[in-house]
Amino acid sequence: MKVLLVAVLLGLACPWLVAGTLGSFRGTIVRGPDQSSGWIYVEGRNHTLRRVNASGAKVEYESDVPAEERKKPIPKVLPLGTPVRVTAEQDDGGEWHATEIEILKAEPPSDDEKKLSSPTTSQS
């Protein structure tokens, strides 16, 4: 009985012990292989692709985004190319569930900016 009581108290005092892995990552919204409702795909700088359940996440602009560039209300669907910072919890199956999404730049990069940021190869 004492062991059960200690386990319950420990679980209440330290909820992070029973929660999934919490993480924060930056990237760009991209088109993923499966366009399920409520899910987004975030591609990081090293080209890792994360599928994130965005339903229920708090979406806001980063404080550095000027007020005149912020759209009101915040779009329900983030456009492809939007740079974001995601705070999410990873479940036992490896799926990410966002708690917060920060929009880092109001407008997605133009085609010219995408070309400038794409990797180039040099030929010798």
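A charge is taken to sit over a ring if NZ of Lys or CZ of Arg is within 6 Å of the ring centre and within 35 degrees of the ring normal. In this predicted model, Arg51 meets that description, lying over the face of Trp39 at 3.9 Å from the ring centre. Another arginine, Arg50, has its charged end over the ring of Phe25, 4.2 Å from the centre of that ring.

Phe25 also leads to the aromatic contacts, since a search of the whole structure finds one aromatic pair. The rings in question belong to Phe25 and Trp96, and because their planes stand at 65°, with the centres 5.3 Å apart, the pair is edge-to-face. The two residues come from distant parts of the chain, 71 residues apart, with Phe25 in strand β1 (residues 21-30) and Trp96 in strand β6 (residues 96-103). As for their surroundings, Phe25 has a relative accessible area of 7% and is therefore buried, and Trp96, at 12%, is buried as well.

From Trp96 the path continues to Asn53, which belongs to strand β3 (residues 49-53). When residues up to four places away in sequence are set aside, Asn53 touches Gly38, Trp39, Trp96, His97 and Ala98; the list thus includes Trp96, a member of the aromatic pair, and Trp39, the residue whose ring face lies under Arg51. With a relative accessible area of 15%, Asn53 falls under the 20% limit and so counts as buried.

Ser63 offers a contrast in setting, for this residue is found in the loop between β4 (58-61) and β5 (83-90). Its relative accessible area is 66%, which is over the 50% limit, so Ser63 is classed as exposed. Although Ser63 and Leu104 are 41 residues apart in sequence, their C-alpha atoms are 8.5 Å apart in space.

The remaining topic is internal empty space. Rolling a probe the size of a water molecule over the atoms shows where such space is left. The structure holds one cavity of 30 Å³ or more, and the volume of the largest cavity is about 60 Å³. Its lining is made up of Tyr61, Lys71, Pro75, Leu78, Pro79, Thr82, Ile103 and Ala106. By residue class, this lining divides into six nonpolar residues, one polar and one charged; Lys71 is the charged member and Thr82 the polar one, because Lys counts as charged and Thr is among the residues that count as polar.

Key. Residues numbered from 1 in each chain as written. Predicted model: local features only at pLDDT ≥ 70, side-chain atom pairs only at ≥ 80, totals over all residues. Heavy atoms only, no water. Phe/Tyr/Trp six-rings, centres within 6.5 Å; stacked < 30°, edge-to-face > 60°. Helix = DSSP H or I, 4+ residues; strand = E, 2+ residues; numbered from the N terminus. Buried < 20%, exposed > 50% of the residue type's maximum accessible area, 1.4 Å probe, protein only. 1 Å grid on protein atoms, 1.4 Å probe; cavity = no way out; pocket = protein on both sides within 12 Å on 5 of 7 lines; lining within 4 Å. Points joined across faces, edges and corners; volume = space filled by probe spheres on them. Contact = heavy atoms within 4.5 Å.
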